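Colleague: I have a new model open on my screen and would like to talk it through with you. Could we go from the overall fold down to single residues?

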Amino acid sequence: MDGMDDLDGGPEGGAPWKRMSKEELENQYSPSRWVVRLGAEEALRTYSQIGNEATKRAQATGRNLLDVPYGDGEGEKLDIYFPEAVSEALPFLVFFHGGYWQSGSKDSSAFMVGPLTAQGVAVVIVAYDVAPKGTLDQMVAQVTQSIVFVQKQYPGNQGIYLCGHSAGAHLAAMMLLANWTKHGVTPNLKGFFLVSGIYDLEPVMHTSENASLLTTLEDAQRNSPQWHLKTAPTQPVDPACRILVTVGQHDSPEFHRQSRELYQTLRRGGWKASFEELHDVDHFEILWNLTQKDYVLTQIILKTIFQES
């Protein structure tokens, strides 16, 4: 999937997914079917286990604020993990978990807390109301509110960096389109790390993952950063803001296409975007390896943050 030709089809007519059978589309959008080292169920189990253990370790340090409300809703909570030297002027990485907008939890998602706090980065793990309780529009609004909250609580921050995995990468990417003026604060956004995400939701409508998430094409388009960026290009608020679009070598071809197309659309729109296919990792390893300080993505995140701060 290294060739970049025929990737300009975008969400319109030429999109390769439109030529796929229902079974093939289902396969393409089922990440656990593409793992290479473990069986699908074992990969999911290992992912949960590593996330749970990393979160317990992060909470055990005591350098944290847990279940902080960022809004009025019961599900609108976040956890903040601090480095040893706490100051007003910290960089913050804000993480949104995956789970196809229907599962996942902040309470098992603190993968990157150890390596990043050790280097002086505060990490925020955000909860949002997954379906069926939450709609996609509500999730986007909650993620927006969580970022506004972090900026207002820590106005002296040295940069807010958004990171999302899978469905969380979609929610993070939607923040490229946010209208901050109506929230009365412009967050000090310095970077985005979009990990194995979905940015055009139309194909998901035709899979079992859709459940009751998207009922109309308008729902899918309204919540598709790729569609918005392509049809009405948005100018970067801060032209220096860096966006890394990354995908695992063993992600499915459709996940590769989604990431490459977003990257290309961002570049054409004047965003400071880069693309990385991470060698020999699948959809789950790409995130759970963030527990390791020497992992390539951990190092990319740290280098991006500290050359910006």
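Colleague: How many helices and strands does the chain have?
Modeller: Happy to help, and please keep in mind that this is a predicted model. Counting along the chain, the helices come to 10. The strands come to eight.

Colleague: What radius of gyration does the chain have, and what would a compact globule have?
Modeller: A compact globule with 309 residues would be near 19 Å. The chain agrees with that expectation, because its own radius of gyration is 18 Å. As for extent, the C-alpha trace spans about 55 × 45 × 35 Å along its principal axes. So, for the two radii you asked about, the chain has 18 Å and the globule would be near 19 Å.

Colleague: What share of the residues is buried?
Modeller: Buried here means under 20% relative accessible area. The accessible surface of the chain comes to about 12500 Å², and 50% of that belongs to carbon and sulfur atoms. Of the 309 residues, the buried share is 57%.

Colleague: Which residues touch the most other members of the largest nonpolar core, and which helix gives the most to it?
Modeller: This core holds 65 residues, and those that touch the most other members are Trp101, Leu162 and Leu194. With eight residues, the helix that gives the most to this core is helix 4.

Colleague: How many residues are in the second, separate core?
Modeller: Its members include Tyr81, Ile286, Leu297 and Leu302. The number of residues in this second core is 34.

Colleague: Where is Trp101, and is it buried or exposed?
Modeller: Trp101 sits in the loop between strand 3 and helix 3. Leaving aside neighbours within four places in sequence, its contacts include Val130, Ala131, Leu136, Met139 and His170. Its relative accessibility is 1%, under the 20% cut-off, so Trp101 counts as buried.

Colleague: Which residue other than glycine has a positive phi near 55°?
Modeller: Most residues other than glycine have a negative phi. In the loop between strand 3 (92-96) and helix 3 (113-117) there is Tyr100, which is buried at a relative accessible area of 10%. Trp101 also has a positive phi, of about 60°. The residue with phi near 55° is Tyr100.

Colleague: Which peptide bond is cis, with omega near 5°?
Modeller: Most peptide bonds are trans. For this one, look in the loop between strand 4 (122-126) and helix 4, where Pro132 has its place. The cis bond runs from Ala131 to Pro132.

Colleague: How far apart in space are Ala122 and Leu90?
Modeller: Ala122 is found in strand 4 and, at 0% relative accessibility, counts as buried. Leu90 is among the residues it touches, along with Tyr81, Phe82 and Phe92. The two are 32 residues apart in sequence, while their C-alpha to C-alpha distance is 6.5 Å.

Colleague: Which residues is Val143 in contact with, leaving aside its neighbours within four places in sequence?
Modeller: Val143 lies in helix 4 and is buried, with 0% relative accessibility. Ala167 is 24 residues away in sequence and 12 Å away in space, C-alpha to C-alpha. The contacts you asked for are Phe96, Leu171 and Met175.

Colleague: How far apart are the mean positions of the positive and negative charges?
Modeller: The chain carries 25 positive and 37 negative charges. Their mean positions are separated by 4 Å.

How values were computed
Residues are numbered from 1 along each chain as its sequence is written. This is a predicted model: local features need pLDDT of at least 70, side-chain atom pairs count only at pLDDT 80 or more; totals for chains, interfaces and linings use all residues. Side-chain values use heavy atoms; hydrogens and water are left out. Helices (H or I, at least four residues) and strands (E, at least two) are DSSP runs, numbered from the N terminus. The radius of gyration is taken over C-alpha atoms; the globule rule is 2.2 Å times the number of residues to the power 0.38. Buried means under 20% relative accessible area, exposed over 50%, partly exposed in between (1.4 Å probe, protein chains only). Accessible areas come from the Shrake-Rupley method with a 1.4 Å probe; for residues, only the protein chains shown count as cover. Lys and Arg count as positive and Asp and Glu as negative; His and the chain ends are not counted. The place of a charge is taken as NZ of Lys, CZ of Arg, CG of Asp or CD of Glu. A nonpolar core is a set of buried Ala, Val, Leu, Ile, Met, Phe, Trp, Tyr and Cys residues joined through side-chain atoms within 4.5 Å. Contact means heavy atoms within 4.5 Å.
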